[in-house]
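Work through the exercises below with the model open. Try each task before you read its solution.

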Amino acid sequence: MELKKSLKMPRTEFEMRGNLAKKEPIYLKEWEEDHLFNKMNKDKNKDLSFVLHDGPPYANGAIHCGTTVNRILKDIIVRYKNMSGFYTPFKPGWDTHGLPIEVKVTKSGVDRKHMPASEFRKHCHDYALSQVEIQKGQFKRLGVVGDFDHPYLTLLKHYEATQIRLFAKMALKGYIYKGFKPVYWSPSSESALAEAEIEYYDVESYSIYVAFEVKDGKNILKPGDKLVIWTTTPWTIPANLAISVHPRFTYGLYDTNIGHILVLKEFEDRLKDELHLEKMKLLKEFKGNELEGITCVHPLYEDKESLVIVGEHVTNETGTGLVHTAPGHGLEDYVVSLKYHLPVYCPVDSLGKFDASVGDRLKGMFYEDANPIVLKMLEEKGLLLTSNKFVHAYPHDWRTNKPLIFRATPQWFFRIEPLKEKLLEAIKEVKWKPSWGELRMSNMIKDRSDWCISRQRLWGVPIPIIYNEDDTPIIEEEVFEHIAKLFDEFGSDVWFNKTANELLPEGYRNEHSPNGNFYKEKDIMDVWFDSGSSFAYTLKEQGEKYPADLYLEGSDQYRGWFNSSLIISVATEGVAPYKQVISHGWVMDENLRKMSKSLGNGIDPNQIANVYGADVLRLYTSTISYDQDMRIGDNIIKQSSEVYRKLRNTFRFLLGNLNESLDGLPFDPKKVKEKSSYLIDKLVLNKFHRVQNDFIEAMKRFDFASGMAKILNFLSFDMSSFYLDITKEIL
């Protein structure tokens, strides 16, 4: 008898190679045909539910590594909670309105300005749905489970109707109002933007000191004395209406070689140097409030005046302590000017070009191009004291990557101030991971001004306001509900297909429209209002648990979806829409650089799945510390692939030895328990149960990296290097 025939070698059908790229699509097809997600929840008790509410990704383009990590993290949680006995109604969602879709459609050859609004919106609608289908397929390829047959989309009729009802609820409570004040404006997009739609890039700007000659000094200063301001936006000088001083700061009037100038006293030494003054002798001191009411001649227009006003916003950090104030181009300027009843003068149009009110030299000029012309005009009048260029961070449109301006326009706003205390209290009730999330969100709410919710676009949910003949908006529950019902039936297209009178309840009358003529708002809602309304449609309207157990998104959503959802939920329901918030960092390349086309360091997750398998991506995701920025690249994926191979080989060895028992019968774990075990068996079983318990505790904390480290170390050291090595012969 040959010796090898007497050996019982491990036997198993579990292959050494995973061949994931080939096998995974087969498994995914079986899951879909078998309705896996429905089966997961079929016999679950709905009273014992865990609701992870999905933040809607934007329906535009293929998914990237950040989206991939986000989806896999959510899927790990959903599967874990489901296996723990919970009912897990995970409903994927998509954000389907907004400017980027308009831009894509326009670039495809559709001319928005030469077709009916409803026709252009149909193009946007179809494009958005096509992108949803692409991303849906990519999410499924990652092995993500969810109710993909019934996703929530912000373009759905009932979703839009729900959003209208939320708007109505807040408008009737007095949180919504229309105002004319400065907002972030994108000339490249011709629309107002929210803070969440802004990114900062370095730009080169002019830094100038300008003298304003006193006209009426109110017996404090003399005509011809000069007040000196500093600004980095020369193009706003034409819109100047005032000079702001701090009421309690000490200002000095100095005799210099360029005349008598007034600046903040503590800046004396620095300004003598920066203004290249040969002498600077202090003549008098004044508190800021003593200067209130003095008038100066506008530095560009002799027939206009600039009023000296006082404001707490003036700082003693930079400049001269005197602030050039243009209410139409700055929020603080606007606020301080209100108490002086100064007009909100904004001579720049939606394209960023000056109107005729600024004079022939600047009329029709783009604001950036006007900077050197303004400098030339100031120089000609002898009022430009000095100018330099410097580089600093400046706000840009996150879609077009072009600079923004502050521009006063009529917009719809959400009042934040009356709700701030409730918002801050709601934040305290939420569990935040990482813990610094609470402070970050609190600071954002504390510093947040009123939310500009209107956008000058076509593809979105209209602001449901109908105006009377005297331009007053109709804020009535009956009207809002009638509009919501129309949206339920026809979708938001009804707003563009019907006249204002047709959108009102039959027989509607209003004392402000004696002739029965009405007109409708043209602006749409900010897309953050769209996505921030998702809790109402997905949870409350569909009878799921509310507030949700968990929101999980990237750290940028503290100013985005976490923020807008919180505001809308607290305003309408009095509570935060989530019990816990988890945020994850950015996915960077292997050198911790942000991925970009220019650097050529982008990684395509679909390519990784098609080469290595989605399970390798899932393994990678489960082993990283996601609460900070994460690295990914070819080398890192290869390492994860190698870990997967080792795991597979360990399982293969174990399964091969479980093929049959010593008596040649099929392996039966019950019989093993009946027999006595070696001490080493008991030792490794004991360690296994400890690892199992540690893993479960880590999963409860959503600390996947820690839990996976326990498992990988156990399999690598306790099993492969110790137990399996020792027991090879007896196995």
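A nonpolar surface patch is built from residues with over 30% relative accessible area and no salt bridge, with nonpolar side chains joined within 5 Å. Keep in mind that this is a predicted model.

**Exercise 1. The nonpolar patch**

Task: Find which residues form a nonpolar patch on the surface, and state their accessible area together.

Solution:
- Step 1. The members are Phe 651, Leu 655, Leu 658 and Phe 667.
- Step 2. Together they have about 320 Å² of accessible area.
- Step 3. Place one member. Phe 651 sits in helix H20, which covers residues 634–657.
- Step 4. Check its exposure. The relative accessibility of Phe 651 is 37%, so this residue counts as partly exposed. That fits the patch cut-off of over 30%.

**Exercise 2. The chain as a whole**

Task: Describe the secondary structure, the span and the burial of the chain.

Solution:
- Step 1. Count the elements. There are 23 helices and 26 strands.
- Step 2. Take the span. The C-alpha trace extends about 120 × 75 × 50 Å along its principal axes.
- Step 3. Take the burial. Of the 731 residues, 52% are buried.
- Step 4. Look at the contacts. Among those between residues at least 6 apart in sequence, 77% join residues at least 24 apart.
- Step 5. Turn to the surface. The chain exposes about 35,100 Å², and carbon and sulfur atoms supply 51% of that area.

**Exercise 3. Charges and salt bridges**

Task: State how many charged side chains of each sign the chain has, and how many salt bridges a search of the whole structure finds.

Solution:
- Step 1. Count by sign. The chain has 96 positive and 104 negative side chains.
- Step 2. Compare the centres of the two sets. They lie 6 Å apart.
- Step 3. Count the bridges. The search finds 42 salt bridges.
- Step 4. Look for a network. Asp 54, Arg 71, Lys 74 and Glu 553 are linked by salt bridges.

**Exercise 4. Bridges across the sequence**

Task: Explain why the salt bridge between Glu 305 and Lys 215 ties together separate parts of the chain, then place two further pairs.

Solution:
- Step 1. Start with the distance. Glu 305 and Lys 215 meet at 2.8 Å, N to O.
- Step 2. Locate both ends. Glu 305 is in strand E13 (residues 305–310) and Lys 215 is in strand E6 (residues 198–216), so the bridge joins parts 90 residues apart in sequence.
- Step 3. Check exposure. Glu 305 is partly exposed at 40% relative accessibility, and Lys 215 is partly exposed at 44%.
- Step 4. Take the next pair. Glu 312 and Arg 248 form a salt bridge at 2.9 Å, N to O. Glu 312 is in the loop between E13 and E14, and Arg 248 is in the loop between E8 and E9, 64 residues apart. Arg 248 is exposed at 52%.
- Step 5. Finish with Lys 381 and Glu 302, whose closest N and O atoms are 3.7 Å apart. Lys 381 is in the loop between helix H9 and strand E15, and Glu 302 is in the loop between E12 and E13, 79 residues apart. Lys 381 is partly exposed at 37%, whereas Glu 302 is exposed at 66%.

**Exercise 5. A glutamine in a helix**

Task: Decide whether Gln 131 is buried or exposed.

Solution:
- Step 1. Locate the residue. Gln 131 belongs to helix H5 (residues 117–141).
- Step 2. Apply the cut-off. Buried means under 20% relative accessible area. Gln 131 has 9%, so this residue is buried.
- Step 3. List its contacts. Beyond its neighbours within four places in sequence, Gln 131 touches Ala 59, Asn 60 and Gly 61.

Conventions. Residues are numbered from 1 along each chain as its sequence is written. This is a predicted model: local features need pLDDT of at least 70, side-chain atom pairs count only at pLDDT 80 or more; totals for chains, interfaces and linings use all residues. Side-chain values use heavy atoms; hydrogens and water are left out. Helices (H or I, at least four residues) and strands (E, at least two) are DSSP runs, numbered from the N terminus. Buried means under 20% relative accessible area, exposed over 50%, partly exposed in between (1.4 Å probe, protein chains only). Contact means heavy atoms within 4.5 Å. Accessible areas come from the Shrake-Rupley method with a 1.4 Å probe; for residues, only the protein chains shown count as cover. Lys and Arg count as positive and Asp and Glu as negative; His and the chain ends are not counted. The place of a charge is taken as NZ of Lys, CZ of Arg, CG of Asp or CD of Glu. Patches are made of residues with over 30% relative accessible area and no salt bridge: like charges are joined within 9 Å, nonpolar side chains (Val, Leu, Ile, Met, Phe, Trp, Tyr) within 5 Å. A salt bridge is a side-chain nitrogen of Lys or Arg within 4 Å of a carboxyl oxygen of Asp or Glu.
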